[in-house]
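Q: Got a minute to go through this one with me? I'd like to start with the core and then jump around a bit.

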Amino acid sequence: PRHIEIQLLGDKHGTVLYLNERECSIQRRHQKVVEEAPSPFVTPKMRKAMGEQCVALAQAVGYHSAGTVELIVSGADPTGESFYFLEMNTRLQVEHPVTEAITGLDLVEQMIRVAAGEKLAFGQKDVRLDGWAIETRVYAEDPYRGFLPSTGRLVRYAPPSAKCHQGPIQSSPSSLGEGDHPKGGGGVTLPAANTPPPPSGRSPSPSKLGEDLAYIRLDDGVAEGGEVSMFYDPMIAKLITWAPTRLEAIDAQVDALDQFVIDGISDNVDFLSALMQHPRFRSGEITTGFIADEYPKGFEGAPADEQLLADVAVVAGMVSVITDERALEISDQLGGRVYVPCERVVRIDGGPEHKVRIKPYTGGTLAVLDDGDLVDIVGRWVSGQRLLTVLVDGRRLSVQLRRVGRNWELQT
């Protein structure tokens, strides 16, 4: 089955609206790991049927404020008619940011206005569905050891740069009408509170981490130097990406997850990145049994292809040469200047040796791997820099670097 929920919003004057759906099928032990809006399974007809039944439920009990009706849906029934009530959460959900991203609404503000007795300032036809949003939950747990909880001090916590931190960003205007929208959305753009429009009148500038129009939002409650204890929920942060299409939102997630730097505790960032890159997830053919089906023996990491290994090898060679060059700049050294060879031998994870020749230039490095073609690395590493993002022959690569004894640990 699939786990799909409908976001409701009602006032004290009898108006209840549905704000589209969220798909929450990616779960582990019934705990949500990934959420997205809209659902890749739901059609406009199905969305309307679900939404209207959930609104009827809320009106029957006189409910007001934000609430979520959770449904179990048969993924085997393409008609979308096989959905069943699970429960209603009479509160704001952890995954509410994906709804804010596709509707442009600030749900917290709307809850406050409803509590103050105000009427909703818009109707069902005004609720838009713009683009695609995905949320991943960053947990303090070790996916390589059966997802055991991890506690301790956050020695280093450097999340990706976000265009929005713990607040909604208004969706960009769409020229698509109701019938043209991929999921039957459209309508007018609703104002998002506390999000003043940029001078150009467009939505906030896109994140450089994702596609041209993608942006990321980060909701967290920790800081570097803080402690993750055994007494509270292990969630460190929520990473939300929005883009015009689902695949673009997924790719923005992968790029943003690569930017997470967390030291001192174990985390599930590698697992989340593997989920985002899994062919079955990207196809949208997901169920609540996805993790159990695809990782029956637990998570052992995602395999690296030959191109990625080659890119990591040349970056490792560059870092090694830059490190040695810096050591030569130490003053008052005995003897004459030592010649630093431009050739390095790189071995990745105990595998075969690779010969890398390095020639730095202003703003980048030229490299040759195993007497192959010339490789252009745009970007330079600075000593002490933990996160390095470069272009290797035009391919974007983010690498975390850590010195371990005489060796380097590179993580992608």
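Q: Leaving aside its neighbours within four places in sequence, what is Phe 260 in contact with?
A: This is a predicted model, to say that up front. In it, Phe 260 is in contact with Val 138, Tyr 157, Ala 158, Pro 159, Pro 160, Leu 218, Ala 237, Leu 239, Val 269 and Gln 400, neighbours within four places not counted.

Q: And which residues have the most contacts inside the largest nonpolar core?
A: Phe 260 is one of them, along with Ile 26, Ile 262 and Leu 275. That core has 39 residues.

Q: Which elements give two or more residues to this core?
A: Four strands and three helices are on that list: β3 (31-37), β6 (132-139), β12 (215-220) and β14, then α4 (246-258), α5 (269-277) and α7 (290-294).

Q: What does the second, separate core include?
A: Val 346, Ile 348, Val 390 and Val 392 are among its 24 residues.

Q: Back to α5. How many of its residues are buried?
A: 7 of its 9, so α5 is mostly covered. The buried ones are Val 269, Phe 271, Leu 272, Ser 273, Ala 274, Leu 275 and Met 276.

Q: OK, and how about α2, how many buried there?
A: 8 of its 8 residues, 96-103. That list runs His 96, Pro 97, Val 98, Thr 99, Glu 100, Ala 101, Ile 102 and Thr 103.

Q: What follows α2?
A: Gly 104, with a positive phi near 80°.

Q: Zooming out: how many helices and strands in the protein?
A: 8 helices and 22 strands. Buried residues make up 49% of the 412 residues. Among contacts with a separation of 6 or more, 66% are between residues 24 or more positions apart.

Q: Switching to salt bridges. How many are there?
A: The count comes to 29. Side chains of opposite charge can pair when their charged atoms come close.

Q: Which residue meets Lys 32 in a salt bridge?
A: Glu 5, at 2.9 Å, N to O. Lys 32 is in strand β3 and Glu 5 in strand β1 (residues 2-10), 27 residues apart, and the pair links distant parts of the chain.

Q: Are Lys 32 and Glu 5 buried or exposed?
A: Lys 32 is buried, and Glu 5 is too. Both also belong to a network of salt bridges with Arg 22, Glu 35, Glu 70, Glu 95 and Arg 137.

Q: What does Arg 47 form a salt bridge with?
A: Glu 21, with the closest N and O atoms 2.6 Å apart. Arg 47 lies in helix α1 (residues 44-60) and Glu 21 in strand β2, so this pair ties together parts 26 residues apart in sequence. Arg 47 and Glu 21 are both buried.

Q: And Glu 353, which residue does it form a salt bridge with?
A: Arg 347, the closest N and O atoms being 2.5 Å apart. Glu 353 counts as partly exposed because its relative accessibility is 49%, and exposed takes over 50%.

Q: Where's Arg 28, and what does its side chain make a polar contact with?
A: Arg 28 is in strand β2 (residues 16-28). Its side chain makes a polar contact with the side chain of Glu 141, at 3.4 Å.

Q: Why does Arg 28 count as buried?
A: Because its relative accessibility is 18%, and buried means under 20%. Beyond four places in sequence, Arg 28 is in contact with Val 33, Glu 141, Phe 147 and Ile 291.

Q: What about Asn 89, buried or exposed?
A: Buried, with a relative accessible area of 11%. Asn 89 is found in strand β5 (residues 83-89), and a polar contact of 3.2 Å joins its side chain to that of Gln 93.

Q: Last one, the surface. Which residues make the nonpolar patch?
A: Met 230, Phe 231 and Tyr 232, for about 490 Å². Tyr 232 sits in the loop between β13 (227-228) and β14 (235-243), and counts as exposed because its relative accessibility is 66%. Overall the protein exposes about 20,100 Å², with carbon and sulfur atoms supplying 52% of it.

Conventions
Residues numbered from 1 in each chain as written. Predicted model: local features only at pLDDT ≥ 70, side-chain atom pairs only at ≥ 80, totals over all residues. Heavy atoms only, no water. Buried < 20%, exposed > 50% of the residue type's maximum accessible area, 1.4 Å probe, protein only. Contact = heavy atoms within 4.5 Å. Areas by Shrake-Rupley, 256 points an atom, 1.4 Å probe, with all protein chains shown as cover. Patch = residues over 30% accessible without salt bridge, like charges linked within 9 Å, V, L, I, M, F, W, Y side chains within 5 Å. Salt bridge = Lys/Arg side-chain N within 4 Å of Asp/Glu carboxyl O. Core = buried A, V, L, I, M, F, W, Y, C linked by side-chain atoms within 4.5 Å. Polar contact = N/O pair within 3.5 Å; in protein donor to acceptor, adjacent residues only side chain to side chain.
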